[in-house]
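Here's a quick briefing to read with the model open beside you. Pull up the strands and follow along.

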Amino acid sequence: MSRAVVFHEPGGPEVLRVEDLPEPQAGPGEVRIRTRAAGVQPFDVAVVEGWLPAFATDRGWPRIPGNEFAGVIDRIGEGVTGFAVGDEVLGFGLLNSYREHVVAPAEHITAKPAAMPWEVAGGFTAAAQTAHIAIEELDVREGETVLVHGAAGAVGGVASQLARLRGATVIGAAREAQHDYLRSLGVVPVAYGPEFVERVRALAGGDVHASVDGVGGQALDATLELVEHRGRIVTLVDHGRSEELGILVTPAKRSAARLAALADLYAQGRLSFHIHAAFPLERAADAHRHHARGGVRGKIVLTVD
């Protein structure tokens with residue numbers, strides 16, 4: 001048997017519980033991973049509340065949330081090459097990551113850098129790839145100014161660093177309590193509140209060329225005033241308004257190759273990744289409650305003993 005965090009009906013953190021389930025088995029082209037850590041993110045919260053993405057197969061109940069993980073391969077399916085039992089990896093799926101054993105296609109995993117802690121590896125995949133895709137879609141260039149909303153969050157922090165690696169100046173919007181952290185990333189911090197647009201313009205000393213929106217609502221409204229070309233605004237959260245506003249959303253372009261390149265940046269010390277809190281698997285409900293309180297710097301993860 002294998003422990004997993006499950007829910008039998010939609011709801012809040014209170015519906016999450018740990019149960020013993022039959023161990024999953026690796027099929028052709030798949031590997032089974034003994035999980036060491038799994039990330040907690042807004043996607044998971046939405047799934048627990050009853051949402052399923054259009055491309056997900058509804059397999060009924062119970063459901064297991066989580067779509068990123070890290071661990072050690074303990075089974076290899078037929079036809080898999082390039083990996084062996086005992087390899088330390090990180091990767092991504094769609095659901096089913098809050099558990100002791102995760103089964104994933106071999107093309108969804110990559111080697112974990114030796115210097116990357118398990119907590120970082122478990123929460124790295126979704127934030128790093130989403131940020132990279134956003135910066136890529138915006139075609140951020142050297143000398144430009146990029147506004148990042150929610151810059152202290154996991155995606156915002158990585159997006160800010162990736163934009164800077166391209167030679168851009170980054171203005172990061174976040175609560176004042178996060179400003180020293182943003183400065184440590186080389187980001188120019190700005191607080192939300194009255195005259196936000198005017199204050200950002202003053203910091204930019206000219207145009208804001210592009211923006212990553214991780215907040216939505218009024219923050220996105222302000223961005224529309226600051227960025228001239230709406231095709232250079234990407235929202236991570238306000239998808240329902242994207243078409244009418246003519247702004248971008250992040251396309252589904254996750255890949256093991258992209259993840260490997262980002263993990264290599266981490267291994268080189270060119271990309272940092274902050275863990276806000278780590279909870280044992282049995283306390284997944286507490287992790288979701290902590291996430292709901294907001295003000296999270298970096299990522300919340302679950303660890304598996």
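**Strand pairing, then the whole chain**

Let's start with β3 and β4: these two strands run antiparallel and are joined by seven bridges. Keep in mind that this is a predicted model. The protein chain has nine helices and 15 strands, and the points below follow a handful of those strands before zooming out.

**Around β3**
- Strand β3 covers residues 30–40, and eight of its eleven residues are buried, so the strand counts as mostly covered.
- Within the β3–β4 pairing, V31 sits opposite I76 of β4.
- β3 also runs antiparallel to β6, with five bridges joining them.
- In that pairing, R32 has V103 of β6 as its bridge partner.
- Strand β15 (residues 299–303) is another antiparallel partner of β3, this time through four bridges.
- There, A37 stands opposite T303 of β15.

**Around β5**
- Strand β5 (residues 88–92) is largely enclosed by the rest of the structure, because four of its five residues are buried.
- β4 (residues 68–76) pairs with β5 in the antiparallel sense over five bridges.
- One spot to click on is V72, whose bridge partner in β5 is E88.
- β5 is also joined to strand β7 (residues 109–111) by three bridges, again antiparallel.
- For that pair, look at G91, whose bridge partner in β7 is I109.

**A loop residue worth a click**
- Y98 lies in the loop between β5 and β6 (101–105).
- Is Y98 buried or exposed? With a relative accessible area of 0%, Y98 falls under the 20% cut-off, so it counts as buried.
- Y98 and N67 are 31 residues apart in sequence, while their C-alpha atoms are 8.2 Å apart in space.

**The chain as a whole**
- The radius of gyration is 19 Å, which agrees with the value near 19 Å that a compact globule of 305 residues would have.
- Along the principal axes, the C-alpha atoms fill a box of roughly 60 × 40 × 35 Å.
- Buried residues account for 52% of the 305 in the chain.
- Of the contacts with a separation of 6 or more, 66% link residues 24 or more positions apart.

**Surface and charge**
- The accessible surface comes to about 13,300 Å², and carbon and sulfur atoms contribute 48% of it.
- The chain carries 29 positive and 38 negative charges, and the mean positions of the two sets are 3 Å apart.

Conventions. Residues are numbered from 1 along each chain as its sequence is written. This is a predicted model: local features need pLDDT of at least 70, side-chain atom pairs count only at pLDDT 80 or more; totals for chains, interfaces and linings use all residues. Side-chain values use heavy atoms; hydrogens and water are left out. The radius of gyration is taken over C-alpha atoms; the globule rule is 2.2 Å times the number of residues to the power 0.38. Buried means under 20% relative accessible area, exposed over 50%, partly exposed in between (1.4 Å probe, protein chains only). Contact means heavy atoms within 4.5 Å. Accessible areas come from the Shrake-Rupley method with a 1.4 Å probe; for residues, only the protein chains shown count as cover. Lys and Arg count as positive and Asp and Glu as negative; His and the chain ends are not counted. The place of a charge is taken as NZ of Lys, CZ of Arg, CG of Asp or CD of Glu. Two strands pair if DSSP finds at least two bridges between them.
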